[in-house]
Amino acid sequence: MTSELDIFVGNTTLIDEDVYRLWLDGYSVNDAVALRVRSGILEQTGATAGVLQSDTMDHYRTFHMLERLLHAPPKLLHQLIFQIPPSRQALLIERYYTFDEAFVREVLGKKLSKGTKKDLDDISTKTGITLKSCRRQFDNFKRVFKVVEEMRGSLVDNIQQHFLLSDRLARDYAAIVFFANNRFETGKKKLQYLSFGDFAFCAELMIQNWTLGAVDSQMDDMDVDLDKEFLQDLKELKVLVADKDLLDLHKSLVCTVLRGKLSVFSEMETNFKNLSRGLVNVAAKLTHNKDVRDLFVDLVEKFVEPCRSDHWPLSDVRLFLTQYSVSVHSLDGFRHQVLWDRYMGTLRGCLLRLYHD
């Protein structure tokens with residue numbers, strides 16, 4: 001009696017997305033097996049516990065071998081050891097560099113150094129993210145930062161070129177690099193209501209308008225460093241609140257246009273000078289590193305909290321900031337219109353994002 005047996009031999013590296021996720025999340029082999037059993041995989045496949053254990057261990061070995069290539073993604077594309085389809089390569093890279101919102105909020109704006117890495121135990125306990133996953137995410141942030149911090153050209157483009165990330169993820173990493181380089185404070189209690197997305201939105205605006213690259217695309221570190229000359233020039237805006245006639249005229253112009261259009265008009269009229277002083281003084285102080293670091297704290301204290309305490313709806317905030325910015329062009333005695341637009345164009349966008357009514 002003869003038996004026929006069909007055999008197929010291939011060398012394509014098999015990637016189980018669910019097991020890859022468990023590995024990225026920092027679970028041990030035994031914990032991963034337990035979670036897979038709980039998902040009902042034995043009933044679905046008819047496999048034994050021993051086969052599942054071996055399958056999980058085999059995948060983990062593969063991921064460990066791939067990890068050194070994932071540290072420099074172009075190497076994964078050009079190596080010949082693992083036969084992985086391009087779509088699978090892209091998935092491996094994208095998911096390896098994906099991070100948890102809860103984790104990035106704990107380290108955003110901090111120096112990516114050994115000192116911060118020592119805090120990962122506490123961050124793991126606070127967020128519920130495994131220590132191994134915290135380390136992977138932190139090391140990814142640091143690796144990207146070290147590769148692109150000295151490069152010329154677009155920060156997003158450099159990240160995409162060297163790490164092969166999607167546009168959205170590359171923009172998120174650009175925000176992380178930008179915040180780490182400028183050390184913006186994000187951890188204060190009054191800033192806890194803000195998400196990483198809120199800060200990333202503001203980072204993108206600042207990169208586009210306040211960095212060296214905003215004026216010269218060939219400058220070193222163009223998208224990483226703020227334009228120091230621009231920050232120095234911002235002191236010129238102080239005339240808007242130091243000159244009583246200009247301040248009164250600015251208020252009059254804004255109130256004339258917004259009368260009958262704001263539900264909080266009387267509150268705006270009463271607080272106009274304090275709000276204007278707050279916004280202009282934030283600009284004037286950005287020559288000092290500490291004040292740059294405290295930018296978001298100052299914006300919340302000087303503008304967001306006063307408006308929120310008077311129950312301004314977001315629509316009124318939008319109308320006010322638009323008219324507040326535009327009306328400066330009608331001030332005959334003011335000679336810094338271009339500087340004002342570069343400052344307020346970005347600040348308006350950030351304030352609208354920071355304001356949660």
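Asn-158 touches Val-148, Met-151, Arg-152 and Gly-153 in this predicted model, leaving aside residues up to four places away in sequence. Asn-158 belongs to helix α11, which spans residues 155-163. Because its relative accessibility is 9%, under the 20% cut-off, Asn-158 counts as buried. The empty space in the model comprises one cavity of 30 Å³ or more and pockets, of which the largest holds about 300 Å³.

**Largest pocket**

- About 300 Å³ of space lies in the largest pocket, and among its 17 lining residues Leu-108, Lys-110, Glu-185, Thr-186 and Gly-187 are the closest to its centre.
- Two elements, α7 and α18 (289-293), each give two or more residues to the lining of this pocket.
- Helix α7 makes the greatest contribution to the pocket lining, with three residues.
- The lining of the largest pocket divides into ten charged, four polar and three nonpolar residues.
- The largest pocket lies between domain 2 (101-214) and domain 3 (228-354), because both domains give residues to its lining.

**Largest cavity**

- The volume of the largest cavity is about 30 Å³.
- Its lining is formed by Val-104, Val-107, Leu-108, Gly-109, Leu-112, Phe-141, Ile-176 and Ala-180.
- Helices α7 (101-107) and α12 (167-182) are the elements that supply two or more residues to the lining of the largest cavity.
- Seven nonpolar residues and one polar residue line the largest cavity, with no charged residues.

**Shared lining**

- Leu-108 lines the largest cavity and is also one of the residues closest to the centre of the largest pocket.
- Helix α7 gives two or more residues to the lining of the cavity and likewise to that of the pocket.

Conventions:
Residues are numbered from 1 along each chain as its sequence is written. This is a predicted model: local features need pLDDT of at least 70, side-chain atom pairs count only at pLDDT 80 or more; totals for chains, interfaces and linings use all residues. Side-chain values use heavy atoms; hydrogens and water are left out. On a 1 Å grid over the protein atoms alone, a cavity is a set of points where a 1.4 Å probe fits but cannot get out, and a pocket is an open set with protein on both sides within 12 Å along at least five of seven lines; lining residues have an atom within 4 Å of a point. Grid points are joined across faces, edges and corners, and a volume is the space filled by probe spheres set on the points. Helices (H or I, at least four residues) and strands (E, at least two) are DSSP runs, numbered from the N terminus. Ala, Val, Leu, Ile, Met, Phe, Trp, Tyr, Cys and Pro count as nonpolar, Asp, Glu, Lys and Arg as charged, and the others, Gly among them, as polar. Buried means under 20% relative accessible area, exposed over 50%, partly exposed in between (1.4 Å probe, protein chains only). Contact means heavy atoms within 4.5 Å. Domain bounds come from an automatic or database domain assignment.
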